[in-house]
Amino acid sequence: MMNKRELELYIHIPFCARKCAYCDFLSFAVLEHTYRDYMDKLIEEIYGQSLFFQDRSVTSIFVGGGTPSILPPELVEELFAVLHGCFTVAGDAEITIEANPGTLTMEKLEVYRESGINRLSLGLQSADDQELKILGRIHTFDDFLKSYQRARQAGFNNISIDLMSALPGQDMHSWKNTLRKVTMLKPEHISAYSLIIEEGTPFYERYGKTGEAIETDRVSGTNDGFPVKSVLPGNSWDSRMELPSLPDEDTDREIYHMTKNFLAAQGYERYEISNYARPGCECRHNIGYWTGVDYLGLGLGASSYIGGCRFRNETDLRRYLSLDLRQAGIAARDIQELTLEEKMEEFMFLGLRMMRGVSGNEFLGRFGRNMWKLYNTAFQKLQEQGLIEVDKPWVRLTSRGIDVSNRVLSEFLLD
């Protein structure tokens with residue numbers, strides 16, 4: 001075990017009870033019999049791929065979606081039995097499953113614990129029921145509270161809560177109320193992201209890029225590529241709902257800075273631009289992403305990064321289910337082998353999202369290049385502008401640099 005190289009696993013469960021109005025992830029509703037078909041194919045892929053990773057130690061597993069907790073508990077139990085049988089999973093591995101409060105039961109939580117899952121990521125988004133309705137979430141805040149209590153009763157001592165700010169009609173008061181209610185529960189981890197209006201979502205059709213609600217008679221569509229549950233009563237987000245405007249940019253920034261200060265006062269340390277944790281409870285799986293640990297994605301549309309090569313699985317469910325996945329890698333699409341320059345750029349882009357920043361020593365050890373010489377001009381410019389701070393061997397973004405992080409990170413593109 002000591003000599004095995006590190007590997008992270010991501011398992012994609014694309015199913016959800018209802019597509020949220022803001023979501024552009026690869027997720028959709030299906031008839032329940034498809035869960036079994038999908039799990040059979042996913043297990044086939046696990047067997048096929050695992051043969052090439054017997055020299056690896058799996059240090060984290062993340063089951064995401066979609067809504068993985070929509071699956072019947074026996075399918076989750078079967079999934080983890082196969083994972084543990086096919087891979088060498090480290091004894092102290094962090095094993096996370098994403099869950100929607102509207103889909104959790106005590107039976108499911110007990111199966112999760114028995115299957116080795118030791119971290120739960122609950123998608124709350126807001127403590128305001130009207131905001132949840134606007135987003136298209138299937139749960140209320142009361143549903144969340146019941147799920148959180150059940151999770152504690154089931155023995156989960158590492159719970160993350162996902163929150164979303166800059167929602168339609170949201171103001172500083174409603175956001176602070178969400179933070180107050182959530183921190184009173186003392187979760188170990190909080191992810192707090194600003195809403196982004198993504199093309200192809202109902203929100204984009206209602207807001208465009210302006211933030212002002214657009215009148216429309218559009219009825220929420222369905223995924224007609226496969227049997228889809230969204231045609232059933234009560235399963236579609238109401239696209240005719242009257243929506244308030246999005247907060248303006250100044251309010252968005254005020255919310256952002258207030259979040260950092262409020263959570264710090266409650267004992268949560270920001271370790272990445274949008275992630276906060278109690279000491280020792282940072283998400284190890286995500287830190288692996290940001291620091292270049294190899295990860296293998298399994299399931300529909302799952303992305304992988306192995307040995308400097310990036311690829312993504314087939315994204316069409318019907319085609320995925322028709323593949324012979326006993327042949328390892330047969331589902332892979334969009335294969336890209338990164339150049340040295342691309343690897344160095346990515347090291348900077350991802351590493352600088354973390355509050356600790358990037359290390360020149362690690363850069364040298366990984367790429368055999370001197371980070372200080374390679375980026376000397378960028379470092380000087382950004383330091384003069386007060387956007388980075390240098391504490392050799394580390395470089396990190398300042399508070400002001402975080403505010404304009406996209407502009408700062410663009411300075412690390414190599415010609």
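Me: At what angle do α2 and helix α3 (residues 106–114) pack?

Reply: About 5 degrees, with their axes 9 Å apart. An axis here is a line fitted to C-alpha atoms, for helices over the stretch in contact, and angles run from 0 to 180 degrees between N-to-C directions. Under 35 degrees counts as roughly parallel, over 145 as roughly antiparallel, 65 to 115 as roughly perpendicular, and the rest as oblique. So α2 is roughly parallel to α3. The helices themselves (H or I, at least four residues), like the strands (E, at least two), are DSSP runs numbered from the N terminus.

Me: What should I keep in mind about the model itself?

Reply: It's a predicted model, so local features need pLDDT of at least 70 and side-chain atom pairs count only at pLDDT 80 or more, while totals for chains, interfaces and linings use all residues. Residues are numbered from 1 along each chain as its sequence is written, and side-chain values use heavy atoms, with hydrogens and water left out.

Me: Back to that pair, then: which residues make the contact between α2 and α3?

Reply: On the α2 side, look at Pro73, Val76 and Glu77; on the α3 side, Glu107, Lys108, Val111 and Tyr112. Contact means heavy atoms within 4.5 Å. By class, that's four nonpolar, no polar and three charged residues. For classes, Ala, Val, Leu, Ile, Met, Phe, Trp, Tyr, Cys and Pro count as nonpolar, Asp, Glu, Lys and Arg as charged, and the others, Gly among them, as polar.

Me: And at what angle do α1 and α2 cross?

Reply: Roughly 5 degrees, with axes that come within 10 Å. These two are therefore roughly parallel to each other. Tyr35, Arg36, Met39, Leu42, Ile43, Ile46, Tyr47 and Ser50 of α1 pack against Leu75, Glu78, Leu79, Val82, Leu83 and Cys86 of α2. That contact has 11 nonpolar, one polar and two charged residues.

Me: Is Ser50 buried or exposed?

Reply: Buried: its relative accessibility is 2%. Buried means under 20% relative accessible area, exposed over 50%, and partly exposed in between, with a 1.4 Å probe and protein chains only. Not counting residues up to four places away in sequence, Ser50 touches Cys86 and Phe87. Gln49, also in helix α1 (residues 33–50), counts as buried at 8% relative accessibility. Try following Gln49 to Ala328: they're 279 residues apart in sequence, yet 4.8 Å apart in space, C-alpha to C-alpha.

Me: How do I read a nonpolar core, and which residues touch the most other members in the largest one?

Reply: Think of a set of buried Ala, Val, Leu, Ile, Met, Phe, Trp, Tyr and Cys residues joined through side-chain atoms within 4.5 Å. The largest one has 75 residues, and Phe15, Leu42, Ile61, Phe87 and Leu120 touch the most other members. Helix α2 (residues 73–86) gives the largest share of this core, seven residues. There's also a second, separate core of 23 residues, with Tyr256, Met348, Ile388 and Ile402 among them. For a look at one member of the largest core, take Leu120: setting aside neighbours within four places in sequence, its contacts include Ile97, Leu104, Tyr112, Phe156 and Ile159.

Me: How do α6 and α8 sit relative to each other, parallel or antiparallel?

Reply: The axes of helix α6 (residues 172–183) and helix α8 (residues 249–265) cross at roughly 25 degrees and come within 11 Å. That makes α6 roughly parallel to α8. The crossing is right-handed, meaning the near helix is turned clockwise from the far one by less than a right angle (anticlockwise would be left-handed). Met172, Trp175, Lys176, Leu179, Arg180 and Thr183 in α6 meet Glu254, Ile255, Met258, Thr259, Phe262 and Leu263 in α8. Split by class, there are seven nonpolar, two polar and three charged residues.

Me: What about unusual backbone: where are the cis peptide bonds and positive phi values?

Reply: As background, most peptide bonds are trans, and most residues other than glycine have a negative phi. Here, a cis bond joins Gly65 and Gly66, with omega about 20 degrees; Gly66 is in the loop between β2 (56–65) and α2. Lys392 to Pro393 is cis too, with omega near 10 degrees, and Pro393 is in the loop between β14 (388–391) and β15 (394–397). For positive phi, Ala166 is near 60 degrees. Ala166 lies in the loop between β5 (159–165) and α6 and is buried, at 7% relative accessible area. Asp334 has a phi of about 55 degrees; this one lies in strand β12 (residues 332–337) and counts as exposed at 64% relative accessibility.
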